[in-house]
Amino acid sequence: MEKTERILKRIKEHRNVVTDFVGSPDRIVFTALQGSQNYGLDYEGSDIDTKCVIVPTLDDIVNNKKPISTTLIMDNDEHCDVKDIRLMWGCYEKQNINFIETLFTNYMLVNPMYDEEMDLLLRNNEKIARYNPYRAVKCMQGMAHEKYHALQHPYPNKIDLIEKYGYDPKQLHHIIRLAEFLDRNVKGGSYAECLYSEKKEYLLTVKTVPMDLKSAVDLALTYVNYVDKIAYAFSQYFDPKAYNKEAKEVLNTTKSDIIKKFLRLELLNE
């Protein structure tokens with residue numbers, strides 16, 4: 001089975017699990033790949049993890065229920081992050097790269113019911129990705145520091161790695177990837193181009209071939225300091241409150257239209 005077919009097959013399986021979870025396929029807006037495949041940093045055996053956006057029901061809205069944001073674990077330990085559209089669109093505005101990447105992935109299953117709205121959203125992916133440049137840079141800076149904190153932290157699922165090598169190679173590769181992305185992004189590269197690493201072989205080596213602990217920590221700190229330097233210089237020239245008005249309009253319109261479309265269907269089926 002070729003790569004594309006294998007990935008799409010797994011995304012469909014994730015979508016089926018979410019359908020059972022929320023009770024109706026009409027509530028699913030899209031299911032998209034997240035992670036290493038979107039950066040060109042996957043290898044044979046890489047997990048296929050996804051994000052799935054859902055629509056709230058009338059009961060959810062009327063009774064002011066907390067929007068769903070949860071992670072479903074598949075039988076093979078793959079993850080599907082399930083998020084209410086109101087939260088997901090909010091994450092786009094917050095500029096977190098882990099959410100923005102879904103607007104650029106080559107692997108997305110869109111519910112045909114929402115084709116028109118999703119077409120508008122995806123046609124404006126670059127504008128949304130640059131909704132607030134200041135926020136985007138500060139978010140990436142924060143993520144680099146989080147990865148540095150996690151580098152030697154003995155999380156339950158990382159204890160074996162920490163005991164064996166003293167650090168988690170995956171966190172180190174994330175730090176370097178974020179630094180590369182940030183550097184290319186602030187220099188004006190398109191978001192789509194910046195997402196796909198130009199250091200694939202090097203980053204895969206960092207990720208899969210552990211080095212001695214001192215070298216790993218020194219390398220991580222070098223890249224974190226570089227991220228801090230870029231973020232500081234860049235943030236001096238941008239208004240933290242400024243945002244792309246066209247992107248805001250697209251986000252508001254698509255969110256509203258998708259929710260209204262589902263609610264009309266829900267009311268018709270009562």
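The charged end of Arg177 sits over the ring of Tyr39, with 4.0 Å separating that charged end from the ring centre. A comparable arrangement involves Lys51, whose charged end lies over the ring of Phe99 at 4.2 Å from its centre. The model described here is predicted, and the points below take up its aromatic pairs, its nonpolar cores, its helix H1 and two individual residues.

**Aromatic rings**

- The structure holds five aromatic pairs, and one of them joins Phe181 and Tyr191 in an edge-to-face arrangement, with 5.0 Å from centre to centre and 70° between the planes.
- Because Phe181 belongs to helix H9 (residues 169-186) and Tyr191 to helix H10 (residues 191-195), this pair ties together parts that are ten residues apart in sequence.
- Phe181 is buried, at a relative accessible area of 2%, and Tyr191 is likewise buried, with a relative accessible area of 2%.
- The rings of Phe234 and Phe238 count as stacked because their centres are 4.4 Å apart and their planes meet at 20°, an angle that falls under the 30 degrees required for stacking.
- Within that stacked pair, Phe234 is buried, with a relative accessible area of 16%, whereas Phe238 is partly exposed, with a relative accessible area of 34%.
- Phe181 and Tyr191 also belong, together with Phe104, to one aromatic cluster.

**Nonpolar cores**

- The largest nonpolar core has 61 residues, and those with the most contacts inside it are Phe30, Trp89, Tyr92, Leu121, Ile128 and Leu172.
- Helix H12 (residues 213-235) gives the most to this core, contributing ten residues.
- When neighbours within four places in sequence are left aside, the contacts of Phe30 include Trp89 and Tyr92, and among the others are Lys51, Cys52, Val53, Leu109, Val110 and Met118.
- A second core, separate from the largest one, consists of nine residues, including Val22, Ile28, Ile54 and Met74.
- In soluble globular proteins, nonpolar side chains tend to be buried together.

**Helix H1**

- Helix H1 (residues 3-22) comprises 20 residues and reaches 29 Å from its first C-alpha to its last, which is close to the 28 Å expected at 1.5 Å a residue.
- The buried residues of H1 are Ile7, Arg10, Ile11, His14, Val18, Thr19 and Val22, and what covers them includes strand S1 (28-34), strand S2 (49-54), strand S3 (69-73), strand S4 (79-84) and strand S5 (108-110).
- An α-helix has 3.6 residues a turn, so residues three or four places apart point the same way.
- Gly23 follows H1 and has a positive phi, near 95°.

**Asp42 and Glu266**

- Asp42 is placed in the loop between S1 and S2, and at 13% relative accessibility this residue counts as buried.
- A polar contact of 2.9 Å links the side chain of Asp42 with the side chain of Lys3, and, with residues up to four places away in sequence not counted, Asp42 touches Lys3, Ser36, Gln37 and Leu204.
- Glu266 lies in helix H13 (residues 245-268) and is partly exposed, with a relative accessible area of 22%.
- Although Glu266 and Thr57 are 209 residues apart in sequence, their C-alpha atoms are 7.9 Å apart in space.
- Not counting residues up to four places away in sequence, Glu266 touches Thr57 and Leu58.

Terms used:
Residues are numbered from 1 along each chain as its sequence is written. This is a predicted model: local features need pLDDT of at least 70, side-chain atom pairs count only at pLDDT 80 or more; totals for chains, interfaces and linings use all residues. Side-chain values use heavy atoms; hydrogens and water are left out. Helices (H or I, at least four residues) and strands (E, at least two) are DSSP runs, numbered from the N terminus. The expected span of a helix is 1.5 Å times one less than its number of residues. Buried means under 20% relative accessible area, exposed over 50%, partly exposed in between (1.4 Å probe, protein chains only). Contact means heavy atoms within 4.5 Å. Rings of Phe, Tyr and Trp (its six-membered ring) pair if their centres lie within 6.5 Å; planes under 30 degrees apart count as stacked, over 60 as edge-to-face and the rest as tilted. A charge sits over a ring if NZ of Lys or CZ of Arg is within 6 Å of the ring centre and within 35 degrees of the ring normal. A nonpolar core is a set of buried Ala, Val, Leu, Ile, Met, Phe, Trp, Tyr and Cys residues joined through side-chain atoms within 4.5 Å. A polar contact is a pair of N or O atoms within 3.5 Å; within protein, one must be able to donate a hydrogen and the other to accept it, and residues adjacent in sequence count only if both atoms are side-chain atoms.
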